[in-house]
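Grab your viewer and work through the exercises below. Each one sets a task and then walks through a solution.

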Amino acid sequence: MKSGEVQRDVWWLMEKTAVNVEMMSGGSWVLANINVTGYYRVNYDLGNWERLLAQLNSSEHQVIPLINRAQLVDDAFNLARAQLVSTTLALRTTSYLSVETEYMPWQSALDNLQYYYLMLDRTEVYQPMQDYMKKLVTPLFLYFKNVTSDWTCIPDRHTDQYNQVNAIRMACRTGVTECQKLTTTWFKQWMDNPQHNLIHPNLRSAVYCSAMAAGDEAEWEFGWYQFKNASLASEASKLMSALACTNNTQLLKRYLSYTLNPAMIRKQDATSVITSVASNRVGQSLAWDFVRAQWKYMFTQYGVGSFSFASMISEVSARFSTTTELQQLEEFVEEHSAAGFGPATLAVEQALERTRANINWLQQNKHEILDWFISQAGHHTG
């Protein structure tokens with residue numbers, strides 16, 4: 001595709017390298033792999049990237065096919081991880097999202113930015129990143145408010161239903177006041193009338209988590225009671241995850257301690273609770289301290305059939321990106337090397353390898369990312 005015009009099919013990569021003169025863009029942009037029919041990533045020269053970004057940031061971003069908008073974001077982030085394009089370029093592919101309402105590009109961006117959150121949400125980059133994401137997601141949140149007639153109905157298309165969840169989750173997480181008021185009001189209505197939960201099942205995971213994060217002990221105790229008395233496994237699962245969303249460290253510690261008591265948390269659910277707490281930026285260090293303190297007990301008392309030690313190690317160490325955390329992980333491995341790690345052996349090795357890779361990535365990218373997010377304050381396009 002050249003500047004919005006689909007060209008005839010060009011089969012040109014028949015060898016490992018090839019030159020195709022027809023694909024020279026001149027002053028217009030070229031887009032390869034239309035509708036992502038081929039299983040490969042595409043890199044462009046900087047000039048063509050700039051022209052594609054200009055198209056995305058124009059009033060006619062839809063000229064680029066929907067799936068290709070998602071592809072541009074995903075390719076740019078993965079090419080940046082491989083150091084083939086700059087991290088700034090990858091971030092710039094997201095700035096047009098303030099006018100994007102479709103699910104695929106949003107999900108592509110959120111999937112890729114998840115790693116940035118894991119690496120940066122305990123650093124000085126966190127607030128500028130939150131401010132940027134808040135600016136991007138606010139129009140999407142208001143779009144769904146409008147489409148659903150002030151949240152009274154659910155969108156028709158499945159992809160819109162998925163993206164409505166993204167809008168609520170991200171708007172509340174980044175501090176959009178209207179979103180936080182909405183979710184806390186819905187949750188309060190349920191607390192006032194426990195027999196009638198009017199929150200739509202699609203939205204419950206996002207709403208429960210947001211309400212727990214904004215609330216305190218009363219919301220948590222209500223959530224715990226509903227979790228223990230839930231008749232549907234799907235409902236229990238949503239509440240079990242949401243209980244880990246609280247920002248109250250005492251409640252998180254209590255929740256972790258419940259995993260040692262099968263009367264409170266079933267053995268087969270203990271891993272999920274620990275990993276959910278670890279996924280909370282406030283709970284990550286608590287979960288790691290808990291795992292270190294209780295490892296021997298859990299490893300000997302809980303059978304490997306009901307307890308996924310591999311996923312627990314992987315999730316609890318997902319944010320590790322400092323030399324201190326690497327040292328703690330190495331000491332943990334050394335301390336328990338005699339007993340071994342059983343089915344979690346590979347996960348432990350991968351956690352060490354990933355932590356070293358994270359440290360390197362942060363050293364190379366943190367300042368560039370911070371500068372870019374700060375530069376976006378007050379800007380509407382990248």
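**Exercise 1.** Work out whether C245 is buried or exposed, and find its bonding partner.

*Solution.* Start with the cover: C245 has 15% relative accessibility. Buried means under 20% relative accessible area, exposed over 50% and partly exposed in between, with a 1.4 Å probe and protein chains only, so C245 counts as buried. Next, look for the partner: C209 and C245 form a disulfide, with their sulfur atoms 2.0 Å apart. The cut-off for a disulfide is a pair of cysteine sulfur atoms within 2.5 Å. Now place the two ends: C209 sits in helix α8 (residues 204-214), while C245 is in the loop between α10 (233-242) and α11 (249-258), so the bond ties together parts 36 residues apart in sequence. Helices (H or I, at least four residues) and strands (E, at least two) are DSSP runs, numbered from the N terminus. Unlike its buried partner, C209 is partly exposed, at 25% relative accessible area.

Before you go on, a word on the input: this is a predicted model, where local features need pLDDT of at least 70 and side-chain atom pairs count only at pLDDT 80 or more, while totals for chains, interfaces and linings use all residues. Residues are numbered from 1 along each chain as its sequence is written, and side-chain values use heavy atoms, with hydrogens and water left out.

**Exercise 2.** Find how many disulfides the structure holds, and give their handedness.

*Solution.* The count is 2. For C209 and C245, the torsion about the S-S bond is about -100°, so that disulfide is left-handed. The other link joins C172 to C179, S to S 2.1 Å; with -95° about the S-S bond, this one is left-handed. Check the cover too: C172 is buried at 5% relative accessible area, and C179 is buried at 0%. Number the bonded cysteines in sequence order and the pairing reads 1-2, 3-4. That leaves C153, which is in no disulfide; the nearest cysteine sulfur, that of C179, is 17 Å away. C153 is partly exposed, at 34% relative accessibility.

**Exercise 3.** Classify the ring pairs F187 with F222 and W190 with Y208.

*Solution.* A search of the whole structure gives 30 aromatic pairs. Here's the rule: rings of Phe, Tyr and Trp (its six-membered ring) pair if their centres lie within 6.5 Å; planes under 30 degrees apart are stacked, over 60 edge-to-face and the rest tilted. For F187 and F222, the centres are 5.7 Å apart and the planes at 90°, so call the pair edge-to-face. This pair links distant parts of the chain, with F187 in helix α7 (residues 177-192) and F222 in helix α9 (residues 217-228), 35 residues apart. Both of these Phe residues, F187 and F222, are buried. For W190 and Y208, the centres are 5.3 Å apart and the planes at 15°, so the pair is stacked. W190 lies in helix α7 and Y208 in helix α8, so the contact ties together parts 18 residues apart in sequence. Both W190 and Y208 are buried.

**Exercise 4.** Find which ring R81 lies over, and which ring R281 lies over.

*Solution.* The test is NZ of Lys or CZ of Arg within 6 Å of the ring centre and within 35 degrees of the ring normal. R81 lies over the face of Y115, at 4.1 Å from the ring centre. R281 lies over the face of Y126, at 3.7 Å from the ring centre.
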